[in-house]
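This briefing is meant to be read with the sequence and the model side by side. Please have both open before turning to the points below.

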Amino acid sequence: MDSNRLSKAMQTALNSQMNKENLQAQIYLSYGCWADSEGYEGISNFLFRHSKEERDHMMKFLEYILKRGGKVAVSEIPAPSANPTSVNDCFEKVFKQEVDNTKSIYSLVKQCMEEEDWATWNFMQWFVMEQTEEENLAIELLDMIRVAGGKDASHSALFSLDKRMGERGGDARLAQEVTTDRP
Ligand code: FEO
């Protein structure tokens, strides 16, 4: 007896989004490395923490597919896109990425409605809310860099911005607080 409660198309779409969240995690990871190597420790730590949040999103999809009796297909992760060229470019890339992810989430919600898969529709509402928060956060980053001078931000403005970013809280713990005992 087939106990998979997801349609074939829904299973494919959920797996695709799961792998996309994993790619998002890799992109934030690579941006975090870029920021650290440029001397922006606060921004770097923020990006590392965000990478962990994206991985948590991936796990949410993975667990849901399994819970519904579906098959998980973890695919290889494409290489992250090129490193940012400046803090301004980095924050613009973050914003574009989040808007793109929102489009994918909305497309999945639409598919849920078309299939009348209300369980998955209900599951997806968390992501609809989360994307609003993530877009807000990205807009906030754009505001911060704009106030600091955008593309022409001075070293001292970037220094202050970096310091502020390092002091921010978040769902995931600071990378520097993570140990092997407390992953
Ligand atoms: Fe999982 Fe930033 O979206």
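What follows covers the overall fold, the nonpolar cores, the aromatic pairs and a few individual residues.

The model is a predicted one, and its chain holds 5 helices and 0 strands, which read along the sequence as the pattern α-α-α-α-α. Of the 183 residues of the chain, 43% count as buried.

**Overall dimensions and contacts**

- Taken along the principal axes, the C-alpha atoms of the chain fill a box of roughly 65 × 40 × 25 Å.
- The accessible surface of the chain comes to about 10,400 Å², and carbon and sulfur atoms account for 53% of that area.
- Among the contacts in the chain with a separation of 6 or more, 79% are made by residues 24 or more positions apart.

**Nonpolar cores**

- The largest nonpolar core has 23 residues, of which Ile43, Leu47, Val87, Phe91, Leu161 and Met165 touch the most other members.
- Two or more residues of this core come from each of helix H1 (8–37), helix H2 (41–67), helix H3 (87–115), helix H4 (118–147) and helix H5 (155–166).
- A second core, separate from the largest one, consists of 17 residues and includes Ala13, Phe61, Leu62 and Val109.
- Once its neighbours within four places in sequence are left aside, Met165 is in contact with Gly42, Ile43, Phe46, Arg49, Phe91, Leu141 and Met144; of these partners, Ile43 and Phe91 are also listed with Met165 among the core residues that touch the most other members.

**Aromatic pairs**

- The count of aromatic pairs comes to 6, and one of them joins Trp34 and Tyr40 in a tilted arrangement, with 6.5 Å centre to centre and 45° between the planes.
- Both partners of that tilted pair fall under the 20% limit for a buried residue, since Trp34 has a relative accessible area of 7% and Tyr40 has one of 17%.
- Trp126 and Phe127 form an edge-to-face pair, with ring centres 4.9 Å apart and an angle of 80° between the planes.
- The two members of this edge-to-face pair differ in burial, because Trp126, at 33% relative accessibility, counts as partly exposed, whereas Phe127, at 1%, counts as buried.
- Ring pairs also link Trp126 and Phe127 with Phe61, Tyr64 and Phe123 into a cluster, and one of its members, Phe61, belongs to the second nonpolar core as well.
- Lys60 lies over the face of Trp126, at a distance of 4.2 Å from the ring centre.

**Helix H2 and the residue that follows**

- The 27 residues of H2 should span 39 Å at 1.5 Å a residue, and the end C-alpha atoms of the helix are indeed 39 Å apart, so the expected and modelled spans agree.
- Just after H2, Gly69 takes a positive phi of about 80°.

**Serine 104**

- Where does serine 104 have its place? Ser104 is found in helix H3.
- Is serine 104 buried or exposed? Ser104 counts as buried, because its relative accessibility of 19% falls under the cut-off of 20%.
- Apart from neighbours within four places in sequence, Ser104 is in contact with Gln17 and Lys20, and both of these positions fall within the range 8–37 given for helix H1.

Technical notes: Residues are numbered from 1 along each chain as its sequence is written. This is a predicted model: local features need pLDDT of at least 70, side-chain atom pairs count only at pLDDT 80 or more; totals for chains, interfaces and linings use all residues. Side-chain values use heavy atoms; hydrogens and water are left out. A nonpolar core is a set of buried Ala, Val, Leu, Ile, Met, Phe, Trp, Tyr and Cys residues joined through side-chain atoms within 4.5 Å. Buried means under 20% relative accessible area, exposed over 50%, partly exposed in between (1.4 Å probe, protein chains only). Helices (H or I, at least four residues) and strands (E, at least two) are DSSP runs, numbered from the N terminus. Contact means heavy atoms within 4.5 Å. Rings of Phe, Tyr and Trp (its six-membered ring) pair if their centres lie within 6.5 Å; planes under 30 degrees apart count as stacked, over 60 as edge-to-face and the rest as tilted. A charge sits over a ring if NZ of Lys or CZ of Arg is within 6 Å of the ring centre and within 35 degrees of the ring normal. Accessible areas come from the Shrake-Rupley method with a 1.4 Å probe; for residues, only the protein chains shown count as cover. The expected span of a helix is 1.5 Å times one less than its number of residues.
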